[in-house]
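User: Hey, I'm new to this one. Can you walk me through it?

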Amino acid sequence: MQKVVRIIAMLSVISLVLAACGDGDEGGDGGDGVDCEVDQVDGDLNFYNWSEYIDPELVTAFEEQYGITVTSDFYESNEAMLAQLQAGANWDLIVPSDYMVGIMISEELLLPLDKDAVPNLENLAPRFRELPYDPGPEYSAAYQYGTTGLGVNVSIVGEDFDPSWALIFDPTLTTTYPGGVSVLNDPRETMGAALKYLGYSLNDTDLEHLQEAADLIAAAKDGIATFDSDQYDEALVNGEVAVSHGFSGNMIVGIGEADNPDDFTYILPKEGATIWIDNMAVPESAEHPCSAFTFMNYLLDAENGAALTNWNYYGSPNQASIDEGLIEQEVVDFYAETDTAEGLEVIEDTGDYEINFTDYLATAKS
Amino acid sequence: MSDVRVTPELEAAAERAEARRGFVLSLPPYIYLVLFFALPLVLVFVYSFASRSSTGQTVLQDWNLESYRRLFSPLVLEIFVRSFLLALVTTLVCLLVSYPFAYYIATRGPRVRSVLLVLVMIPFWSNFLVRTYAWRVILGSDGLVSQVSQALGGEPIRVLFTNSAVLIGLVYGFLPFMVLPLYAAIERLDWSLVEAARDLYANGWTAFRKVTLPLSMPGVVAGSILVFIPSLGAYVTPAILGGARTVLMGDYIVSQFLAARNWPFGSALSFAIMFVMLLATVVYFRAGAKSL
Amino acid sequence: MSESTNTRGVSRILGLNAWMVYVFLYAPIALLIVFSFNDNNNVAIWTEASFRWYGEMFQNAQVMGALRNSLLVAFVSTIVSTILGTMLAIALERYRFRGRGALDGLAYLPIIIPDVTMAVMLLIFFFQAFGILGSLLGLSLTTGIPTIILAHIAFNISFVAVVVRARLAQFDNALQEVAADLYATRWATFRRVTFPLILPGVAGGALLALTLSLDDVVVTQFVSGVGSTTLPVYVFGLVRRGVTPLINAVSVVMLAASMVLVGISLGFQRGGGVGAQILADPEALREEITAGGAPHAEGATT
């Protein structure tokens, strides 16, 4: 009896290991794409998005208009979503960030866009159609965009401050602020900011430059109260820190809801910053691609696109929404700056060097 | 009662029957654990020898020991030592706080004891993140601690983002894991032995030191392990309350699986930390057994 | 205990210490309850009292869905892991059989493994398993609530086993022997002697499993699928986009529910005749039985 159990166990192990070896780096096979028509739905939609990124009422309106149910799930990191997708999870529509779209395309995990089914692609502003990770676009449609900059408490820092990354990286400044500063806990963003401050590209893979950036961060640690990718807006508004490194949407909302919004402002440092774009895409394993493309088309509509932005306060890539004046003026004004700012870069996957970014940040923190 | 003679053959047969019964009883959980734990673990072990493609995929065909070699790099060793020390201090502080507390509970009447114990558990049925964020508020510049210090005429103090905050958070989170085993051990102590010590003119402290403490050692050992092991891998609490200003083992492992998409190295790190935990467990058990 | 002032002084200090620990334990809980009634988006700045967040919570389909998923997963995984864990504990503690040592070691691993490792390894495992099952049997399986339940059971078995084993170790086999001598069948022995004795351990293990399941984030995140977001995962996500008192309200509701659950289970323990007697004073009962002359009172053998 025990022998039987043991044999079965051995066999299972061997078969699993063999299967793992055999698959190797099997991604999707890209697929030839699907043929959907405008407004065609092929079943209920499984939607995988970031939390608090879409107004539930907008989703409900879609459900009513097309008579299907939308099941929404939420993820917190591109990489976790990637892992699940590769393990065979079958969401219909996902919202990966820029660099992740690039990775997914090279791993053949996405369906090519069925442009017949998504005529509203036309509404995208030209600069959001020729993106470095997906020129065309062929596989993704921009959803919302934003920048990563600094939230500043002007009542502490003063009105005439120099809009530079020095506000978080220069210890002679930061240690004079009561409470210190908050920096994102993200290897690419934080190392990227340091690289920009030093005058390099945030996609730079020269190890010497990375070392310089790490040294900069290490030297700045005295004034850095916390590395935080979640509560940066609250920390700023509650007076916990004087300057906060963070993403535009949360900043604008956080500042807007403060008791004293005039005490705060969000700036893009003069040395340049990150511009990031989240995109809608249909995985190759989607079971209801037509519903997915229809939802994509629905969100690219001028009115719905505006509704999206007016709820989450991120940047709208939808030129039609802007032209028709559907977006709240506050948001338009806020993002107008990004259109003219210099030195904005999109984060790209650096392949093998991703490990270095992670390690250099870890070293800097030690 | 003596109709059956107990021959050696009968004894052996009875023992084999017992063993079979035990085996059968253990079979369902055994199979479950093998299937849903041991097998996946083997897979991860296999992954730790793989290499990472440019896009972060795990390529199993390229076997190497690179991941294990990296375990000994200065960065990893430093992270590990830091996590180890934090776990050690957490366990110690937790023990010091919990022992008198567990002793108090264990020496109340039976009804009161259960109520007191349940009261210890209740806070941990709230959501972990929400609890930790509540601590953020308490320890912040404008939080309870700061307000108390201002009321006493001092400066507003911010405990948040300091090492003390991390310690408070960890000790708080692991308190029940220390209190429960300690309570169990103290509760079934043979108090007559303590009485005997007092009768022999030992004072309270000596009686405690020479009788109570050694007899409650199994509880100390069990509680210490239950606190030390998870503290070794803790990273969420240190991040939220300590400001993530240093990198701990748990955080580093997560970053390998997520941000760096380097699963082979993440797997190797996981095995390394599990190995250390197993070692610590064995050492602790041996030490605990000696003092009995 | 003697009545010296020394002892009374020590007793008072211990009492004071205990009170302080309770304050320490409940400070954040009090805060989170209070702020769940805060009429402001910010969790740190108090405005005025309102039930607004509780209202919002019950209307929020996503929160309710996540809550339902969490309860389902917790309920099923707790029951299964308690049964399997208790079987494991009894088998390891009371019997000797081949493979026991290996099982003993294996049973401890889920306790020490880092969350993210377990999450990733289960994901890989399900991926490979679904692939094999797909090509062998043509089944098309995906991750979802069932895989989350399977994952939770996997780590909970060990925790339950540890707690039950601790309880088992406390009681020697004399009572089981006695029952055997009194011609009780194995099942009867289990039902009327062993089980009531280990019930506190089993209940404790079940409670622990429930707590761990309800709070699990990392493992759940990785092995979840379409429509299977659980509450802690949802809360974790909310934190990213801004902590509002909605989370506090949700937390308070779950806290209240847990307290009710525990209250019920404590009530069950009080009832039940012999079981309760034994629980109250096992030593006395044992002496009664052994004094009656059962031959194998000393030296338990396994």
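Here is a short chat about domains, the core and a helix pair.

Analyst: Heads-up: this is a predicted model, where local features need pLDDT of at least 70, side-chain atom pairs count only at pLDDT 80 or more, and totals for chains, interfaces and linings use all residues. Residues are numbered from 1 along each chain as its sequence is written, with chains lettered from A and ligands numbered from 1 in the order in which they are written.

User: Cool. How is chain A divided?

Analyst: Into domain 1 (33-145 + 277-333) and domain 2 (147-275 + 345-365), with bounds from an automatic or database domain assignment. Their centres, taken over C-alpha atoms, are 29 Å apart.

User: And how many residues does each put into the contact?

Analyst: Domain 1 of chain A gives 11 and domain 2 of chain A gives 9; contact means C-beta atoms, placed from the backbone, within 7 Å.

User: Which helix gives the most on the domain 1 side?

Analyst: Helix α4 (residues 98-106) of chain A, with 4 residues. Helices here are DSSP runs (H or I, at least four residues), numbered from the N terminus.

User: New topic: what about C:Leu123?

Analyst: Along with C:Leu122, C:Leu123 has the most contacts inside the largest nonpolar core, which has 280 residues. Such a core is a set of buried Ala, Val, Leu, Ile, Met, Phe, Trp, Tyr and Cys residues joined through C-beta atoms within 7 Å, buried meaning 20 or more other C-beta atoms within 10 Å.

User: What does C:Leu123 touch?

Analyst: Leaving aside neighbours within four places in sequence, C:Leu123 contacts A:Ala83, A:Gln84, A:Ala87, C:Phe222 and C:Val223.

Conventions: Contact = placed C-beta atoms within 7 Å. Helix = DSSP H or I, 4+ residues; strand = E, 2+ residues; numbered from the N terminus. Buried ≥ 20, exposed ≤ 12 C-beta atoms within 10 Å, placed from the backbone.
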